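Reader: I'd like to learn how to read a helix and the pocket beside it. Could you walk me through one?

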Amino acid sequence: MAEILVSNLEKDGERRPFVAHGFAMLGSAGGLSVLRGYFEPGWRWSTDVGPIAKTESCQVHHHGYVIAGSMRARLDDGTEREFATEDLFDLPPGHDAWVTSRVPCEVIDVSPAATTYARPAGLAEADDSAMKLVRRGYQAFNTGDLDALRSLLAHDVLQHVPGHGPFAGTHKGVDAVLDYYAKLAESTDGTFRADLVDVHGDGGGHVLAIHQTTAVRDGRKRASRASILFTFVGDKATDLLELYGDLPGDEAFFS
């Protein structure tokens, strides 16, 4: 029998205070977890959360919505971006951030990784080596860095695409896999992206990466969820098995 699961964020949630300038509330109902952050003016990750996490920069991947106020984030490579009221944002791990508004910045974060935010050092999740390689691979894919992608793939890599669409089948060898990626880009005028949602690993070279794909084709925009099961031998991916949340819909989009 199906269940309706309800939880009140304020009453049932876990309060995680910052060193100063606010707090976060973590709540869950079944498969949904939500973090609500209340960041007061003067808040900065490096001084208000960094001492709790004990990392050089924030290692949590955020998928959020700004309810009020504004905040600016700086990635470890120096890239900066501001987000404000009613903005959606995808902020990758490896960043500092600070409030820029004169009013508190209130944020809802629905990323699976948000459950680890403002958690004491030693309790936060850590990627294994293969998970780190997968994160690098997604970044390279979305920036079109073919040299980086080639360095992560075994020369005889196999990528399995299910179904009966135009890209279905097993792409054999690193050149064939990169050609498949090029065709995805070509068919969407370079708009195709696969943005990580969550990464799971077994510590033994197997990684499941859950992502959201977005693309525009013939004036139509599509966003859908999919995943890839990676097998690594050493630092090279040898087998990639694609899985889809809506395979018929994705096939129809590309047909």
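Author: Start just after H4, where Gly-144 takes a positive phi of about 70°. Keep in mind that this is a predicted model.

Reader: What does Gly-144 have to do with the second largest pocket?

Author: Gly-144 is among the residues closest to the centre of that pocket, along with Phe-141, Tyr-181, Ala-185 and Phe-192. In all, 13 residues line the second largest pocket, and its volume is about 220 Å³.

Reader: Which elements give two or more residues to that lining?

Author: Those are H4 (129–143), H5 (146–152) and H6 (174–187). H6 gives the most, with five residues. By character, the lining splits into nine nonpolar residues, three polar and one charged.

Reader: Back to H4, then. How do I read which residues of a helix are buried?

Author: Here's the general idea: an α-helix has 3.6 residues a turn, so residues three or four places apart point the same way. In H4, the buried set includes Ala-130, Leu-133, Val-134, Gly-137, Tyr-138 and Phe-141. Met-131, Ala-140 and Asn-142 are buried as well.

Reader: What do the buried residues of H4 pack against?

Author: They pack against the helices H5 and H6, plus the strands S12 (193–201), S13 (206–217) and S14 (220–233).

Reader: How far does H4 reach from its first C-alpha to its last?

Author: H4 spans 22 Å with its 15 residues, close to the 21 Å expected at 1.5 Å a residue.

Reader: And which side chain should I look at where H4 starts?

Author: Take Asp-128: one of its side-chain oxygens comes to within 3.1 Å of the backbone nitrogen of Ala-130.

Note on methods
Residues are numbered from 1 along each chain as its sequence is written. This is a predicted model: local features need pLDDT of at least 70, side-chain atom pairs count only at pLDDT 80 or more; totals for chains, interfaces and linings use all residues. Side-chain values use heavy atoms; hydrogens and water are left out. On a 1 Å grid over the protein atoms alone, a cavity is a set of points where a 1.4 Å probe fits but cannot get out, and a pocket is an open set with protein on both sides within 12 Å along at least five of seven lines; lining residues have an atom within 4 Å of a point. Grid points are joined across faces, edges and corners, and a volume is the space filled by probe spheres set on the points. Helices (H or I, at least four residues) and strands (E, at least two) are DSSP runs, numbered from the N terminus. Ala, Val, Leu, Ile, Met, Phe, Trp, Tyr, Cys and Pro count as nonpolar, Asp, Glu, Lys and Arg as charged, and the others, Gly among them, as polar. The expected span of a helix is 1.5 Å times one less than its number of residues. Buried means under 20% relative accessible area, exposed over 50%, partly exposed in between (1.4 Å probe, protein chains only). Contact means heavy atoms within 4.5 Å. A polar contact is a pair of N or O atoms within 3.5 Å; within protein, one must be able to donate a hydrogen and the other to accept it, and residues adjacent in sequence count only if both atoms are side-chain atoms.
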